[in-house]
Amino acid sequence: MLRLLSRVYPSVQTQINLKLAQSLCSACPDFAVKPIMEPKLYQPPAEVRGMTSLDKEAFAQTITVPALRVPTGVLNKVVKSLKKSTIQRPGVPRVVQDQEESSDVRLVLLDPHRVSSPKSFSEAEAEALRSFGVAEELQDYELSLTYDNLKTEEVLQAVLPQGQDVTSGFSRVGHIAHMNLRDHQLPYRNLIGQVIMDKNPGVTCVVNKTNIIDSTYRNFKMEVLAGEENMVAKVKENGVTYEFDFSRVYWNSRLSTEHQRVVQLVKRGDTVFDVFAGVGPFAVPAARSGANVLANDLNPESYRWLQHNCKLNKVESKVRTFNLDGRAFIQGPMKQELPTLLKGKASVHVVMNLPALALEFLDAFRGLLHQEPPCDDNLPTVHCYGFSKDDNPDKDVVERASRSLGFPLENRCSVHFVRNVAPNKDMMCVSFTLPKEVLFSSEHEQTEPSEEPAPKRQKCEETTDST
């Protein structure tokens, strides 16, 4: 009985064995039976464990899979009927030449997880085989698997020490795969980079970021793990093309939905002030939608690529660009433009997408203007981003924004969850109409323009989402 329970069966038989094991457990409380796991199609050779320099030949292996002999006249119909049972491997054909090299017959390779005997076919599959005149007789086929037939996770699981996390995820930025490897993976970083490049068509460069942000511009150093060292990426997001040097500016592909959400709030003829514009993921599409945009970024490289992307998308006449500290931009160009804009009917939006610091810049609006408009209908709408580790992130960002403004925003704003950037850390967007009590306040002295504070030595995930 124990031998029966320890054998590896396909999924249907496994369920029978599990039920049998459960009945044994109920009859004998002291008899512990572990769940029977389905076999993996590929079992890596032991010698690849611990490999740090990729040897593709070492992964080669021959396995036995079931096959069905099918006349060529009904081959396509049979393959379609058995699509859930045929083998599914990268680069492995489902149909191969018959071992007897008959021109009238082909072999359809089946997944041994699903099919181990004719009884493994579902009723619908069995009925289809009978209707096509195909005998439900299986034969063994020796299938050669190589490195090219393996998935990324299979290669890395085979190489990395057992019991350690296998991270195969990355952010795709044009031709660049951007990884954030953990310490235990660093000895294998070049192999990991090569595997990522091999298994993802179009990726010609794999980089790993360092953990510490070390500049006022909040860009981070990165190490090339595999491929070319060309860091100038070309990305298309929501129908807009961007080009930039990924090693010197911020870009986060995971924010495409958020970029689109805010831009859709902007109407033709509106004005957008983008305080921390980066390379233009808010500014350029807003201009394309017919808005007038004033876009600013402190980083000279971001400023240069922002101008480039405006020209690339033919909106340079709709966007005025600035290379200023965010506070200086608010108290300079924005202050000059607002009085006229507040007298008009078109909406005014202020986007402040620098989650690590943006909430601290809201005090720049205190007493920004001196003469109140005749009505409150056209006060600017602010969209300000922030990170929160609080158990109640909505309340946290509202309270912090209120403190910075010197005015309570409770019940006067909306909070949008953008994404979870790390365990217990969320990126949020608080949107509100800028209160006239703040904008025209005479009780607060306007803070002098100053450079954006150089960030503390923060971990990368705290600011990599800031574009």
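**Exercise 1. Find the strands that pair with β14, and say which way its side chains face.**

Start with the pairing itself: β14 and strand β15 (residues 381-388) run parallel and are joined by four bridges. Strands and helices here are DSSP runs numbered from the N terminus, with at least two residues (E) for a strand and at least four (H or I) for a helix. Two strands pair if DSSP finds at least two bridges between them.

Next, pick out a partner: His349 sits opposite Thr381 in β15.

Now look at β11 (residues 271-274), which is also parallel to β14 and linked to it by four bridges. Here Asp274 has Val351 of β14 as its bridge partner.

Then check the cover. Five of the five residues of β14 (residues 348-352) are buried, where buried means under 20% relative accessible area, exposed means over 50%, and partly exposed is in between (1.4 Å probe, protein chains only).

Last, sort the side chains. In a regular strand they alternate between the two faces of the sheet. In β14, Val348, Val350 and Met352 point one way, His349 and Val351 point the other way, and all are buried.

A word on the ground rules: this is a predicted model, so local features need pLDDT of at least 70 and side-chain atom pairs count only at pLDDT 80 or more, while totals for chains, interfaces and linings use all residues. Residues are numbered from 1 along each chain as its sequence is written, and side-chain values use heavy atoms, with hydrogens and water left out.

**Exercise 2. Work out how far to trust the chain, then describe it overall.**

First, the confidence: the protein chain has a mean pLDDT of 85, and 82% of its residues reach 70 or more. pLDDT is the predictor's confidence in each residue, from 0 to 100.

Second, the weak spots. Residues 444-451 have pLDDT below 50, and that stretch has 18 contacts in the model beyond near neighbours in sequence. A contact means heavy atoms within 4.5 Å. Residues 453-467 also stay under 50, with 61 contacts beyond four places in sequence.

Third, the overall make-up: the protein chain holds twelve helices and 17 strands, and buried residues make up 50% of its 467 residues. Of the contacts between residues at least 6 apart in sequence, 70% join residues at least 24 apart.

**Exercise 3. Take Asp111 and decide what its side chain has for company.**

Place it first: Asp111 is in the loop between β3 (105-109) and α4 (123-131).

Then look for an opposite charge. Asp111 is buried but has no salt bridge, and the nearest side chain of opposite charge, Arg114, is 4.4 Å away. Charge goes by Lys and Arg as positive and Asp and Glu as negative, with His and the chain ends not counted. A salt bridge needs a side-chain nitrogen of Lys or Arg within 4 Å of a carboxyl oxygen of Asp or Glu.

Now try the backbone: the nitrogen of His113 is 2.9 Å from a polar atom of the Asp111 side chain.

Finish with the neighbours: leaving out residues up to four places away in sequence, Asp111 touches Ser85, Thr86 and Ile87.

**Exercise 4. Go through some salt bridges within helices, and explain their spacing.**

The total comes to 14 salt bridges.

In helix α11 (residues 393-405), Lys395 and Glu399 form one, at 4.0 Å from N to O. These two residues are four apart in the helix, so about one helical turn separates them. Glu399 counts as partly exposed because its relative accessible area is 30%.

Arg400 and Asp396 form another, at 3.0 Å, and they too lie four residues apart in α11, about one turn. Arg400 is partly exposed at 25%, whereas Asp396 is buried at 15%.

Salt bridges with shared partners also tie Glu127, Arg130 and Glu136 into one network. Within it, the closest N and O atoms of Arg130 and Glu127 are 3.1 Å apart. Those two are three residues apart in helix α4, so they too are separated by about one helical turn.

**Exercise 5. Find what the buried side of α5 packs against.**

Six of the eight residues of α5 (residues 152-159) are buried: Thr152, Glu154, Val155, Leu156, Ala158 and Val159. The buried residues of α5 pack against α6 (189-199).

How values were computed:
A polar contact is a pair of N or O atoms within 3.5 Å; within protein, one must be able to donate a hydrogen and the other to accept it, and residues adjacent in sequence count only if both atoms are side-chain atoms.
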